Amino acid sequence: MGTDTTVAHNKELFLKVPDDKQFGYYYSIETDHQTESFHRIDLYSGKGIQVLSPADTTFFSEETPSAYGQSIIGSLKFVKSFYDKRTFPIKMATDTVINGTTASHIVVNVLDTTEDNEHLYSRREFYINKGTGLPILATIRGRYKYRNMVTDYYDEKRYFDYQFNQTGVNIARFAVPNSFRPRKESAVQPTLLTAGALAPDWSLYDVNGNRVSLSQLNGKVVVMDFYFIGCAGCMLSIKPLNAIYEKYKNKDVVIVSLSERDSKKAVLAFEKQYKIKYSGYIEAANVVKAYHVSAFPTYYFIDKEGKVASTVVGYDDDFEQKVTDHIEKLLNK
């Protein structure tokens, strides 16, 4: 469904707490994304999960233990809890060598089925250092279905630099540092620009190096598609947007896709893989801010006079008809 690839470096610290009913451990999981400007530390000390943002020294509470589920202990507990509900095959494969280390190879087939002639599956493989009994590599290969799209998924985790029985690891290590302050959520979230407002001008480059500004498109109906690679609704909108492009390519209608986070290289590969016919523009962070976009996908419809006509947020099954209706209304204005 997406070609989004992320790489992260984690530091995981666990303290065994037999009396803890939620996880059995207190933990600190620091996630430093190598492919995005994204750095967080998840803390759990028996009283809810706190997420630290080192960039602005703030923290907030989170109910879903997402980082824990991605950790070595959380991943293994997930397999066990899933197995307790419905058994599935777990097999020992032939030993293998990884980076010079002999490892046992365990294959876990969590899902294997056929739906609408599509082979859907989820296979987890664990490679265990035969000398230490510790995981050194875990992979997930899967093929899943989401609405009308099928996506191939791959996840790889390499574990290294194990340390045990460290001194000074106590409950204080899992408390929010005094230097961090609670994140203040704005009481009033910025709303999208209202109909009739003059659309803020912008000037961006597409992946082929062509520069275009909104003011250059005056006299045309402009559909602004705010997206990022891998966003489910964004991916689902590709097929209908291609169809809309074909329908209106000889009329005064322009579709522009704007990404604030995806690199030129990623967008080039993305457009090629999905045969996207409309133009994609990169480094659009300032445009995202100017148009108060906080959810993806978001669509702005700009009339021929350069004014905001309407907006659509998210993707629904009637998306193509909804967008067509907005365009027709502006063409006939």
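Visitor: Why does glutamate 283 count as exposed?

Guide: Exposed means over 50% relative accessible area, buried under 20%, and partly exposed in between, with a 1.4 Å probe and protein chains only. Glutamate 283 has 66% relative accessibility and therefore counts as exposed. This is a predicted model, in which local features need pLDDT of at least 70, side-chain atom pairs count only at pLDDT 80 or more, and totals for chains, interfaces and linings use all residues. Residues are numbered from 1 along each chain as its sequence is written, and side-chain values use heavy atoms, with hydrogens and water left out.

Visitor: Where is glutamate 283 found, and what is the sign of its phi?

Guide: Glutamate 283 sits in the loop between β16 (279-281) and α6; helices (H or I, at least four residues) and strands (E, at least two) are DSSP runs, numbered from the N terminus. Its phi is positive, about 55°, although the residue is not a glycine. Asparagine 117, also not a glycine, has a positive phi of about 65° and lies in the loop between β7 (101-115) and β8 (118-129). With 78% relative accessibility, asparagine 117 counts as exposed.

Visitor: How do you know that cysteine 231 and cysteine 234 form a disulfide?

Guide: A disulfide requires a pair of cysteine sulfur atoms within 2.5 Å. The sulfur atoms of cysteine 231 and cysteine 234 are 2.3 Å apart, and the pair forms a disulfide. By this rule the count is one disulfide.

Visitor: What gives this disulfide its handedness, and are cysteine 231 and cysteine 234 buried or exposed?

Guide: The torsion about the S-S bond is about 80°, so the disulfide is right-handed. Cysteine 231, at 6% relative accessibility, counts as buried, and cysteine 234, at 4%, counts as buried as well.

Visitor: What makes a set of residues a nonpolar core?

Guide: Such a core consists of buried Ala, Val, Leu, Ile, Met, Phe, Trp, Tyr and Cys residues joined through side-chain atoms within 4.5 Å. The largest one has 30 residues, and Ile238, Leu241 and Phe301 are among those with the most contacts inside it. At least two residues of this core come from each of β14, α3, α4, β15, α5, β17 and α7. A second, separate core of 24 residues includes Tyr68, Val79, Ile128 and Val169. In soluble globular proteins, nonpolar side chains tend to be buried together.

Visitor: Which residues of α4 are buried, and what covers them?

Guide: In α4 (residues 238-248), the buried residues are Ile238, Pro240, Leu241, Asn242, Ile244 and Tyr248. Their cover includes β14 (221-226), α5 (264-273) and α7 (319-331). Contact here means heavy atoms within 4.5 Å.

Visitor: Why is one side of β16 and of β18 left without a neighbour in the sheet?

Guide: Two strands pair if DSSP finds at least two bridges between them. Five strands form an open sheet in the order β16-β15-β14-β17-β18, with mixed pairing. β16 and β18 (308-313) stand at the edges, each with a single partner strand, so one side of each has no neighbour in the sheet. β17 and β18 have five bridges between them and pair in the antiparallel sense; threonine 298 has valine 313 in β18 as its bridge partner.

Visitor: What makes the peptide bond from phenylalanine 296 to proline 297 notable in its geometry?

Guide: That bond is cis, with omega near -5°. Proline 297 is in the loop between α6 (285-290) and β17.
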